[in-house]
Amino acid sequence: MAAPPAYSLIATDLDGTLLRDDDTVSDRSRAALERAARAGARHLVVTGRPAPRVRPLLEGLGSTGLAVCGQGAQVYDAGADRLLWSVRLDRELAETALGKIEAEVGQVYAAVDQDGVDGLTLIEPGYLMPHPTLPAVRVGRRDDLWCEPISKVLLRHHALSDDELAAIARSVVGSLATVTMSGPGTVELQPCGITKATGLALAAEHLGIAADRALAFGDMPNDIPMFDWAARGVAMANAHPELKAVADEITTSNEDDGIAVVLERLFPTD
């Protein structure tokens, strides 16, 4: 009888991790995930992207299971195309947090992800999407960002680095929101206390898989809570130094199939 797999749950970030820089998943990575699945492991996407921006990628992967979206604020059932769980960011708190940040750093440019499986990404004048391939709707003024319930706010500054903006935001926002940095040009405000680990833990409980059976892959500081929750965290070679510092292992980059390199070792050819 074959030995059980070392891990029953494989949690992967998308941008900079599973996805190549052109937003595709390589054939090698697909094959490695399929090999792990045949051995009994479940693959769970855990991403900052909201559910509507994840749906096409899940369809491309042939996934009809769960996904953790919106930095942990959404647990999405791809097969049923519905949210099993979601947390909204209070719009008044978001506006207050923005005001506190701008009092420190001057003007920032903001965008929001609306809640729900069909929620839009709205961007105010001056905001540039860090992923130009992702659909967004430009609104005429900031007040228009708050027209519907939201799951998070995305921030950019014309001069400050992401690290600088995130640090200042954390220092002034307090309990109004959780501040994360999830990629180049992507500093975010999400509901207070919500992280990727929040959604991952809920999804894993739904699947009946414990944290000590979970393997996580990521590339940015917003993946740190996921690494803290999982039994083992693997950072990509292109990962932010903060994530590398807490990783159990560093693999090759997203462009060099870093996830496949690890999975091929843990799940030998069947």
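**Exercise 1. Cysteines**

The structure, a predicted model, holds zero disulfides. Determine whether Cys-147 is buried, partly exposed or exposed, and do likewise for Cys-192.

*Solution.* Step 1: the class called partly exposed lies between the limits of 20% and 50% relative accessible area. Step 2: Cys-147 has a relative accessible area of 47%, so this residue is partly exposed. Step 3: for Cys-192 the value is 46%, and Cys-192 is therefore partly exposed. Step 4: these assignments accompany a disulfide count of zero.

**Exercise 2. The open sheet**

State in which order the eight strands of the open sheet are arranged, and explain why one side of strand 5 and of strand 14 is left without a neighbour in the sheet.

*Solution.* Step 1: the order of the eight strands is 5-4-3-2-1-12-13-14, and their pairing is mixed. Step 2: strand 5 and strand 14 stand at the edges; each has a single partner strand, which means that one side of each lacks a neighbour in the sheet. Step 3: in general, strands of a sheet pair through backbone hydrogen bonds, in either the parallel or the antiparallel sense. Step 4: an antiparallel case is the pair of strand 3 and strand 4, joined by four bridges. Within the sheet, Cys-69 stands opposite Gln-74 of strand 4.

**Exercise 3. Strand 1 and its surroundings**

Identify the strands to which strand 1 is joined by four bridges, and establish which residues cover its two faces.

*Solution.* Step 1: strand 1 pairs with strand 2 over four bridges in the parallel sense, and Ile-10 stands opposite His-43 of strand 2. Step 2: strand 1 also runs parallel to strand 12 (residues 214–218), again with four bridges; here Ala-11 stands opposite Ala-216. Step 3: strand 1 comprises residues 9–12, with Leu-9 and Ala-11 on one side and Ile-10 and Thr-12 on the other. All four are buried, and both faces of the strand are covered. Step 4: strand 1 is among the elements against which the buried residues of helix 9 pack. The others are helix 1, helix 2, strand 12, strand 13 (232–235) and strand 14. The buried residues of helix 9 are Gly-258, Ile-259, Ala-260, Val-262 and Leu-263.

**Exercise 4. Two aspartates with positive phi**

Locate Asp-81 and Asp-257, give the phi value of Asp-81 and of Asp-257, and classify the accessibility of Asp-81 and of Asp-257.

*Solution.* Step 1: Asp-81 lies in the loop that links strand 4 (74–77) to strand 5 (82–86). Its phi is near 50°, a positive value in a residue other than glycine. Step 2: a relative accessible area of 34% makes Asp-81 partly exposed. Step 3: Asp-257 is placed in the loop between strand 14 (249–250) and helix 9 (258–266), and its phi, near 60°, is likewise positive. Step 4: Asp-257 has 9% relative accessibility and therefore counts as buried.

**Exercise 5. The environment of Ile-150**

Decide whether Ile-150 is buried or exposed, and list its contacts beyond four places in sequence.

*Solution.* Step 1: Ile-150 belongs to strand 9. Step 2: its relative accessibility is 0%, so Ile-150 counts as buried. Step 3: apart from neighbours within four places in sequence, Ile-150 is in contact with Arg-88, Leu-89, Arg-91, Ala-94, Val-112, Asp-113, Gln-114, Asp-115 and Leu-145. Step 4: the C-alpha atoms of Ile-150 and Arg-88 are 5.7 Å apart, although 62 residues separate the two in sequence.

**Exercise 6. The two largest pockets**

Describe the volume of the largest pocket and of the second largest pocket, together with the lining of the largest and of the second largest.

*Solution.* Step 1: the largest pocket holds about 550 Å³ of space. Its lining has 34 residues, and Asp-15, Arg-49, His-131, Ser-182 and Thr-186 are the closest to its centre. Step 2: helix 1 (14–18), strand 9 (150–156), strand 10 (178–183) and strand 11 (186–190) each give two or more residues to this lining. By class, the lining of the largest pocket contains nine nonpolar, 13 polar and 12 charged residues. Step 3: the second largest pocket has a volume of about 390 Å³. Of its 20 lining residues, Leu-33, Ala-37, His-43, Leu-61 and Ser-63 are the closest to its centre. Step 4: helix 2 provides the largest share of the lining of the second largest pocket, five residues. This lining divides into 12 nonpolar, five polar and three charged residues.

How values were computed: Residues are numbered from 1 along each chain as its sequence is written. This is a predicted model: local features need pLDDT of at least 70, side-chain atom pairs count only at pLDDT 80 or more; totals for chains, interfaces and linings use all residues. Side-chain values use heavy atoms; hydrogens and water are left out. Buried means under 20% relative accessible area, exposed over 50%, partly exposed in between (1.4 Å probe, protein chains only). On a 1 Å grid over the protein atoms alone, a cavity is a set of points where a 1.4 Å probe fits but cannot get out, and a pocket is an open set with protein on both sides within 12 Å along at least five of seven lines; lining residues have an atom within 4 Å of a point. Grid points are joined across faces, edges and corners, and a volume is the space filled by probe spheres set on the points. Ala, Val, Leu, Ile, Met, Phe, Trp, Tyr, Cys and Pro count as nonpolar, Asp, Glu, Lys and Arg as charged, and the others, Gly among them, as polar. A disulfide is a pair of cysteine sulfur atoms within 2.5 Å. Two strands pair if DSSP finds at least two bridges between them. Contact means heavy atoms within 4.5 Å.
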